[in-house]
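Reader: I would like to go through this model step by step, with each answer reasoned out before the value or name is given. Could we start once the structure is on view?

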Amino acid sequence: MKISAKSRYALAALVCMGQPRATETVTVISLSETLGISKIYLEQVFSLLKRGGVVVSSKGAQGGYRLARPAQDITAHDILAAVEVALFEPAGSAVADKAPDIEHALQTQLFTPLDAALHESLRSITLDTLIARAEEHGSEGYMYYL
């Protein structure tokens, strides 16, 4: 399965936003600098995330974006559905006109179960889990001397 750059950037930016050292409101500029992602591209991604109800924005000197709800209540499905509409479109018909029996077999035995498995898998992964894993990985490999 291929996930677009837009989706990968959305996931990375939200994991970054949720890490403890991040402030509650984060600017696109700070995320851009931290992650090495184009500010203009991130602004487009955050516009989609805002429209999808994943983040909320505030204006002014202390403005920026924050998560719309706690990280444990945001799933990978929520994030990807906000930025990657085509990923969740049902499979189109392959041979419905000429071979409806084959089409029925493909839809019922392959495409519909595959769609269901994808949705279930993405709903089982929370942003909180991704943040925790990123923090675990960040602390691996360091030697502390007392």
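Reader: In which loop does threonine 75 lie?
Author: The model is a predicted one, and the position is described here in terms of its helices and strands. Strand S2 covers 64–67 and helix H4 covers 76–83. Threonine 75 therefore belongs to neither element, and its place is the loop between S2 and H4.

Reader: Is threonine 75 buried or exposed, and which residues does threonine 75 touch?
Author: The relative accessibility of threonine 75 is 12%, and a residue counts as buried under 20%, so threonine 75 is buried. Leaving aside residues up to four places away in sequence, the residues that threonine 75 touches are Leu122, Arg123, Ile125 and Thr126.

Reader: How many of the eight residues of H4 are buried, and which are they?
Author: H4 is mostly covered. Its buried residues are Ala76, His77, Ile79, Leu80, Ala82 and Val83, which gives a count, out of eight, of six.

Reader: At what angle do the axes of H1 and H3 cross, and what is their relation to each other?
Author: Helix H1 spans residues 5–18 and helix H3 spans residues 39–51, and their axes come within 10 Å. The crossing angle is roughly 80°. Since angles of 65 to 115 degrees count as roughly perpendicular, H1 and H3 are therefore roughly perpendicular to each other.

Reader: Which residues make the contact of H1 with H3, and how do they divide into nonpolar, polar and charged?
Author: On the side of H1 the contact is made by Ala5, Lys6, Tyr9, Ala10, Ala13, Leu14 and Met17, while H3 contributes Tyr41, Leu42, Val45, Phe46, Leu48 and Leu49. The division of these residues is 12 nonpolar, no polar and one charged.

Reader: How do H1 and H2 cross, and how do the residues of their contact divide?
Author: The axes of H1 and H2 come within 11 Å and cross at roughly 105°, and the two helices are therefore roughly perpendicular to each other. Their contact is made by Ala12, Ala13, Cys16 and Met17 of H1, together with Leu31, Thr34 and Leu35 of H2. These residues divide into six nonpolar, one polar and no charged.

Reader: Which element gives the largest share of the largest nonpolar core?
Author: In soluble globular proteins, nonpolar side chains tend to be buried together. The largest such core here has 26 residues, and those with the most contacts inside it are Leu14, Met17, Phe46, Leu49, Val55 and Leu127. The elements that give two or more residues to this core are H1, H2, H3, S2, H4 and H6, and the largest share, six residues, comes from H1.

Reader: How do S1 and S2 pair, and which glycine in the turn has a positive phi?
Author: Strand S1, residues 55–58, and S2 pair in the antiparallel sense over four bridges, with serine 57 standing opposite tyrosine 65. The two strands form a hairpin with five residues between them. In the turn, the residue with a positive phi, of about 105°, is glycine 60.

Reader: Is glutamate 24 buried or exposed, and what distance separates its C-alpha atom from that of leucine 67?
Author: Glutamate 24 lies in the loop between H1 and H2, and its relative accessible area of 64% means that it is exposed. Not counting residues up to four places away in sequence, glutamate 24 touches Tyr65 and Arg66. Glutamate 24 and leucine 67 are 43 residues apart along the chain, and their C-alpha atoms are separated by 8.2 Å.

Note on methods:
Residues are numbered from 1 along each chain as its sequence is written. This is a predicted model: local features need pLDDT of at least 70, side-chain atom pairs count only at pLDDT 80 or more; totals for chains, interfaces and linings use all residues. Side-chain values use heavy atoms; hydrogens and water are left out. Axes are lines fitted to C-alpha atoms, for helices over the stretch in contact, and angles run from 0 to 180 degrees between N-to-C directions. Angles under 35 degrees count as roughly parallel, over 145 as roughly antiparallel, 65 to 115 as roughly perpendicular and the rest as oblique. Contact means heavy atoms within 4.5 Å. Ala, Val, Leu, Ile, Met, Phe, Trp, Tyr, Cys and Pro count as nonpolar, Asp, Glu, Lys and Arg as charged, and the others, Gly among them, as polar. Buried means under 20% relative accessible area, exposed over 50%, partly exposed in between (1.4 Å probe, protein chains only). A nonpolar core is a set of buried Ala, Val, Leu, Ile, Met, Phe, Trp, Tyr and Cys residues joined through side-chain atoms within 4.5 Å. Two strands pair if DSSP finds at least two bridges between them.
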